[in-house]
Amino acid sequence: MTTYTYSEARQKLAKLLNTAKRDGKVIIKRRDGSAFELRPIQNNDSPLDVEGVDIQINKTEINSLMREIRSRK
């Protein structure tokens with residue numbers, strides 16, 4: 001875990017972000033003794049979570065198409 005002062009963090013923000021990405025977190029300390037933790041946000045979205053497409057087809061047409069496809073076997 002890497003610790004930076006507030007001034008260092010301000011001056012080296014790009015390096016600080018890269019360090020947080022690589023190491024998982026970075027601590028930033030102020031003169032008054034307060035400390036803050038900077039962590040990268042983890043993306044928990046599934047790559048299979050895609051937005052639906054409105055193809056404007058009704059249930060009867062879907063059933064008809066499914067019967068046709070199944071009858072080809």
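**Salt bridges**

I began with the network in which salt bridges link Lys25, Glu37 and Arg39. For a salt bridge I asked for a side-chain nitrogen of Lys or Arg within 4 Å of a carboxyl oxygen of Asp or Glu. This is a predicted model, so I kept its rules in view: local features need pLDDT of at least 70, side-chain atom pairs count only at pLDDT 80 or more, and totals for chains, interfaces and linings use all residues. Residues are numbered from 1 along each chain as its sequence is written, and side-chain values use heavy atoms, with hydrogens and water left out.

How many salt bridges does a search of the whole structure find? I got 4. Within the network, Glu37 meets Arg39 with N to O at 2.5 Å. I then looked up Glu37 and found it partly exposed, because its relative accessibility is 41%. My classes here are buried for under 20% relative accessible area, exposed for over 50%, and partly exposed in between (1.4 Å probe, protein chains only).

Next I noted Arg22 and Asp23, whose side chains form a salt bridge at 3.1 Å, N to O. Arg22 counts as exposed because its relative accessibility is 60%, while Asp23, at 39%, counts as partly exposed.

I also found Arg72 bridged to Glu68, with 2.8 Å between the closest N and O atoms. Arg72 is exposed at 59% relative accessibility, and Glu68 is partly exposed at 40%. A reminder to myself: side chains of opposite charge can pair when their charged atoms come close.

**Confidence**

I checked pLDDT, the predictor's confidence in each residue, from 0 to 100. The protein chain has a mean of 90, and 99% of its residues reach 70 or more. Where in the protein chain is confidence lowest, and where is it highest? Strand E1 (residues 2–5) has the lowest mean, 85, and H3 the highest, 94. Helices (H or I, at least four residues) and strands (E, at least two) are DSSP runs, numbered from the N terminus.

**Strands**

I traced the pairing next, where two strands pair if DSSP finds at least two bridges between them. E1 runs parallel to strand E2 (residues 26–29), and 4 bridges join them. Here I saw Thr5 opposite Lys29 of E2.

E2 also pairs with strand E3 (residues 35–38), this time in the antiparallel sense, over 4 bridges. I wrote down two partners in E3: Phe36 for Ile28, and Ala35 for Lys29. The hairpin of E2 and E3 has 5 residues between the strands, and Gly33 there takes a positive phi near 95°.

I met another positive phi at Gln56, near 50°, in a residue other than glycine. Gln56 sits in the loop between E3 and H3. Is Gln56 buried or exposed? It is exposed, since its relative accessible area is 71%.

**Helix H2**

I turned to helix H2 (residues 13–23) and found Leu16, Thr19 and Ala20 buried. They lie on the same side of H2, because they cover an arc of only 100° around the axis. I took that arc from the directions from the helix axis to the C-beta atoms. The face turned away from the buried side carries the exposed residues Ala14, Asn18, Lys21 and Arg22. I kept a helix rule beside this: an α-helix has 3.6 residues a turn, so residues three or four places apart point the same way.

**Nonpolar patch**

My last stop was a nonpolar surface patch of about 240 Å², made by Ile62, Met66 and Ile69. Patches are made of residues with over 30% relative accessible area and no salt bridge; like charges are joined within 9 Å, and nonpolar side chains (Val, Leu, Ile, Met, Phe, Trp, Tyr) within 5 Å. Accessible areas come from the Shrake-Rupley method with a 1.4 Å probe, and for residues only the protein chains shown count as cover.

I placed Ile62 in helix H3 (residues 59–71), and Met66 lies in H3 as well. Ile62 is partly exposed, with a relative accessible area of 39%, and Met66 is partly exposed at 34%. I also looked up how Met66 stands to Thr19: the two are 47 residues apart in sequence and 53 Å apart in space, C-alpha to C-alpha.
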